[in-house]
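Let's take a walk through this structure together, starting at the ligand and moving outward. Keep the 3D view open as you read.

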Amino acid sequence: MTDKCAVVTGSSSGIGKAVCELLLKANYKVVGIARDHSKFTPNDNNYFPYEVDLKDQSQTTDVAKALLKAHPEATVLVSNAGQGSFNPIENFSTSQIKDFLDLNLISHILLSQIFVRHLKARSGGNIIFLGSEAGLTGKRKATLYSAAKFGLRGFSQALSDEVRASNIRVSLINPGLVRTPFFDLLGFRPGDEQTHAIEAEDVAQVVMTILSSRSQTIMDEINMSPAKNVIKFDS
Ligand SMILES: NC(=O)c1ccc[n+]([C@@H]2O[C@H](COP(=O)([O-])OP(=O)(O)OC[C@H]3O[C@@H](n4cnc5c(N)ncnc54)[C@H](OP(=O)(O)O)[C@@H]3O)[C@@H](O)[C@H]2O)c1
């Protein structure tokens, strides 16, 4: 019977799925959050899928509270779920802007707020956010994505300072291009060579390194990039 338990958002695909696989291998109980769990069905009794649309704030907070009641031993949140949308700013409707920020920024804030309350009552734990290189530098057509990721970065830095005295370690991982289904509907993707993209497993390894590091050390922010930055546009 394992006593290690992690909650991973965006568990059904890409980086989140790779993180779940390594956590399960390391004998964690894993609570996965996504809308469509049919994409990842590990044959493992330690995997607990919860269906949530993280754009929906009341659904997000209700399910987060319920899952922590069901899994009070959870001491890790990997707040990873997100989506890209890259267009000139005038192409977005007001509701698209709201939905985008609800998923890519607000849901991370709401989940970590609930987790901080939970972890303070349990004497500590880890919160790991998936940021992006777009949270370090703004580029054209990435206004909303950068707004969310810069916001998440500021939130992560301030939260880390606020909760470290309570033994809660907050980390942010900022990858460049990672080869995942993230690009399926975007019209571009990393180039085909191995050097053109980080693999989801590389990011998952960084998550495991953070979790297995000495508890008195905090890895605030980790930037990752592929050896060569090559983008391929779909025809
Ligand atoms: N791929 C890259 O190049 C890259 C680079 C830097 C940072 N990132 C960041 O890494 C994170 C993971 O991206 P990825 O590359 O692994 O993409 P992905 O393969 O498309 O996975 C995204 C995950 O987020 C979940 N998700 C999306 N919308 C959701 C919603 N409304 N409610 C609940 N879950 C939702 C998806 O699950 P469902 O669709 O089943 O709901 C899926 O599990 C994102 O935050 C992304 O911004 C990615």
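What follows covers the ligand shell, two helix pairs and a couple of loop residues.

One thing before we start: this is a predicted model. With that in mind, zoom in on the ligand. It has 27 residues around it, and the closest of them are G10, G14, R35, G82 and F182. If you sort the shell by class, you get 12 nonpolar, 11 polar and four charged residues. Which helix gives the most to this shell? That's α1, running over residues 14-25, with three residues.

Stay with α1, since this helix also has a packing partner. Two packed helices are described by the angle between their axes and the distance between the axes. For α1 and α5 (residues 200-212), the axes come within 8 Å and cross at roughly 50°. Angles under 35 degrees count as roughly parallel and 65 to 115 as roughly perpendicular, so α1 and α5 end up oblique to each other. Their crossing is right-handed. On the α1 side the contact uses G14, I15, A18, V19 and L22, while α5 brings in A200, E201, V203, A204, V207 and M208. By class, that contact comes to nine nonpolar residues, one polar and one charged. Notice G14 in that list: this glycine is also one of the residues closest to the ligand.

Now swing over to the other pair, α2 (residues 57-70) and α3 (residues 94-121). Here the axes are 10 Å apart and the packing angle is about 30°. Angles under 35 degrees count as roughly parallel, so that is how α2 and α3 are described. The crossing of α2 and α3 is right-handed. From α2, the contact draws on Q57, T60, T61, A64, K65 and L68; from α3, it takes D102, I106, S107, L110, L111, I114 and H118. The class split for this contact is six nonpolar, five polar and two charged residues.

Finally, have a look at the backbone in two loops. S123 is not a glycine, yet it has a positive phi of about 65°. You'll find S123 in the loop between α3 and β5 (125-130). Is S123 buried or exposed? It has 10 other C-beta atoms within 10 Å, so S123 is exposed. K141 is not a glycine either, and its phi is positive too, at about 70°. This lysine sits in the loop between β5 and α4 (143-163). K141 has 13 C-beta neighbours inside 10 Å, so it counts as partly exposed.

How values were computed:
Residues numbered from 1 in each chain as written. Predicted model: local features only at pLDDT ≥ 70, side-chain atom pairs only at ≥ 80, totals over all residues. Near = placed C-beta within 6 Å. Helix = DSSP H or I, 4+ residues; strand = E, 2+ residues; numbered from the N terminus. Nonpolar A, V, L, I, M, F, W, Y, C, P; charged D, E, K, R; others polar. Axes fitted to C-alpha atoms, helices over the stretch in contact; angles between N-to-C directions. Parallel < 35°, antiparallel > 145°, perpendicular 65-115°, else oblique. Left-handed = near helix turned anticlockwise from the far one by under 90°. Contact = placed C-beta atoms within 7 Å. Buried ≥ 20, exposed ≤ 12 C-beta atoms within 10 Å, placed from the backbone.
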